[in-house]
Amino acid sequence: MKIKEVETATGLTQKSIRLYEAKGLIEVARNADNDYRDYSEENVEKLKYIKLYRYLGFSIEEIKGILYDKNEALKSLREMIETIKDEKEKIDERDSICRKLIEKEMQFEKDELEAYLERVNLVETDEFKEFKKVVRDVGMTSTLEFIIQLMIGIAPIISLFINISYKKYNVLFVSAVMSIVGTVYLTFVIKNYLSQIKNRKIEQKEADKGWGQIIACIVVAFIVILVLAFSFESLVGILYSADSKKFVLAAFTNVISNYLMIIYFVLTSIFIALKIIGKFTGEDIFDWGFPRKTKVIIAVVFVFLSGGIFYFVTSNMVVVNEETIVVHSMFDPEGKEYKYSDIEVVKAGYNRKGEAYYTIAIGGKEYKLTHSFISNEKYEDTYDDIYALDKIIIKNGVKKETSHDNEEYQDLDKKYKNIFSKILDEK
């Protein structure tokens with residue numbers, strides 16, 4: 001492309017185009033046949049940006065940094081916004097003085113004139129500029145505050161999934177309502193934080209756009225959590241043949257697996273939601289300026305980490321069937337099979353907090369089955385699966401120790417309490 005064509009495409013003069021080339025803002029190739037400059041589409045696009053940056057008030061040296069360093073570009077743009085804000089305030093102040101002069105027919109009282117001059121002198125001092133910056137920043141939410149607010153909003157959502165996982169259906173309605181409140185709270189927290197960031201980049205009226213998009217993103221994140229949770233449950237069901245008629249239930253062998261799974265799902269969903277919001281608002285809080293290669297490495301690490309979490313959670317599982325009990329672990333994913341005659345003792349009752357427990361001791365270890373992760377679909381209500389298991393336990397003559405101690409502290413619904421009472425009483 002010749003320089004006249006570039007001039008037409010960009011609206012820049014030939015003198016300006018050559019100046020920007022001389023200053024190193026663009027690199028122009030030479031035609032091998034005649035040694036003339038041969039401008040590329042990339043040169044034209046860069047010149048258009050240079051023209052835009054010049055209009056915004058950047059110097060040639062500043063533009064050079066902007067073009068070749070994304071972090072420097074963002075920093076310079078934010079600084080320019082602060083400069084523009086200061087200029088706007090000065091313009092508003094001048095506009096006010098002009099209107100007052102017209103109103104007073106260009107004749108201030110002496111003390112009024114002195115007051116205006118005092119304001120002008122004050123506004124021009126460095127101390128006043130620093131004071132304005134402090135006032136502007138004092139209302140900004142810090143990253144730590146934002147994280148704490150996120151944790152507060154996420155807490156009821158995590159509680160909902162813990163209650164679902166532990167089959168606490170008697171408190172499910174309240175938990176669901178609280179999770180909705182938490183979701184709405186998260187919407188406001190994230191919107192407020194992004195708006196504050198965006199206020200440094202564009203006018204407030206621009207920052208107020210996208211409410212519907214952001215709410216939609218939070219809803220999407222909530223749906224993603226549900227999809228991930230139930231997809232995971234389905235995968236576990238496939239792994240351990242939960243559709244088999246002889247399958248009773250499967251439970252985690254340690255409490256870490258349950259909480260790790262919930263935290264992973266929630267954080268992954270929040271990350272996805274914030275990434276989507278970043279696309280809509282132009283403010284991606286996870287864009288830390290890493291090169292593409294580093295981003296690929298991070299993505300690969302995340303995939304391996306996700307695989308590790310999935311393996312840890314699914315491998316630490318005790319699977320109960322009508323004839324056998326199989327204990328799986330990280331180091332023995334195929335699991336060790338036991339018969340009901342191998343069970344040393346079954347214990348059932350209430351702990352000091354009034355929480356129901358049903359444990360089996362086998363192979364020298366004790367496993368809590370009260371809060372099964374997945375059970376046979378024919379068991380519809382809470383503790384139906386445990387009740388069915390208890391019948392098998394009794395049928396096989398397994399030693400069973402039960403207690404009604406601390407029963408007064410339990411908060412089970414009457415229906416579920418009756419089922420668990422049957423478990424305690426039948427021997």
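**Exercise 1. The chain as a whole**

What percentage of the contacts in the protein chain with a separation of 6 or more do residues 24 or more positions apart account for?

*Solution.* Begin by noting that this is a predicted model. Among contacts in the protein chain with a separation of 6 or more, 63% are made by residues 24 or more positions apart. Next, take the secondary structure, which comes to 15 helices and 11 strands. Finally, turn to the surface: 37% of the 427 residues count as buried, while the chain exposes about 26000 Å², of which carbon and sulfur atoms supply 58%.

**Exercise 2. A sheet and its edges**

Work out in which order the 5 strands of the open sheet follow one another, and explain why β6 and β10 each have one side without a neighbour in the sheet.

*Solution.* Step one is to read the order, which is β6-β5-β4-β3-β10, with antiparallel pairing. Step two concerns the ends of that order: β6 (332-339) and β10 (374-375) stand at the edges and have a single partner strand each, so one side of each is left without a neighbour in the sheet. Step three looks inside the sheet, where strand β4 (residues 317-321) and strand β5 (residues 324-329) run antiparallel and are joined by 3 bridges; here Val319 stands opposite Val326 in β5.

**Exercise 3. Helices across the sheet**

Find which strands helix α13 lies across, and then do the same for helix α14.

*Solution.* Start with helix α13 (residues 292-315), which lies across β3 (247-252), β4, β5 and β6 and runs at about 40° to β4. Then follow helix α14 (residues 384-395), which lies across β3, β4 and β10 and runs at about 110° to β3.

**Exercise 4. Two residues**

Decide whether Ser76 counts as buried or exposed, and describe the setting and the phi of Asn406.

*Solution.* First locate Ser76, which belongs to helix α5 (residues 70-103). Its relative accessibility is 7%, and because buried means under 20%, Ser76 counts as buried. If neighbours within four places in sequence are left aside, Ser76 is in contact with Phe58 and Ile66.

Now locate Asn406, which lies in the loop between β11 (400-402) and α15 (414-425). With a relative accessibility of 23%, which falls between the cut-offs of 20% and 50%, Asn406 counts as partly exposed. As a last step, consider the backbone: most residues other than glycine have a negative phi. Asn406, although it is not a glycine, has a positive phi of about 65°.

Methods. Residues numbered from 1 in each chain as written. Predicted model: local features only at pLDDT ≥ 70, side-chain atom pairs only at ≥ 80, totals over all residues. Heavy atoms only, no water. Helix = DSSP H or I, 4+ residues; strand = E, 2+ residues; numbered from the N terminus. Buried < 20%, exposed > 50% of the residue type's maximum accessible area, 1.4 Å probe, protein only. Contact = heavy atoms within 4.5 Å. Pairing = 2+ DSSP bridges. Axes fitted to C-alpha atoms, helices over the stretch in contact; angles between N-to-C directions. Areas by Shrake-Rupley, 256 points an atom, 1.4 Å probe, with all protein chains shown as cover.
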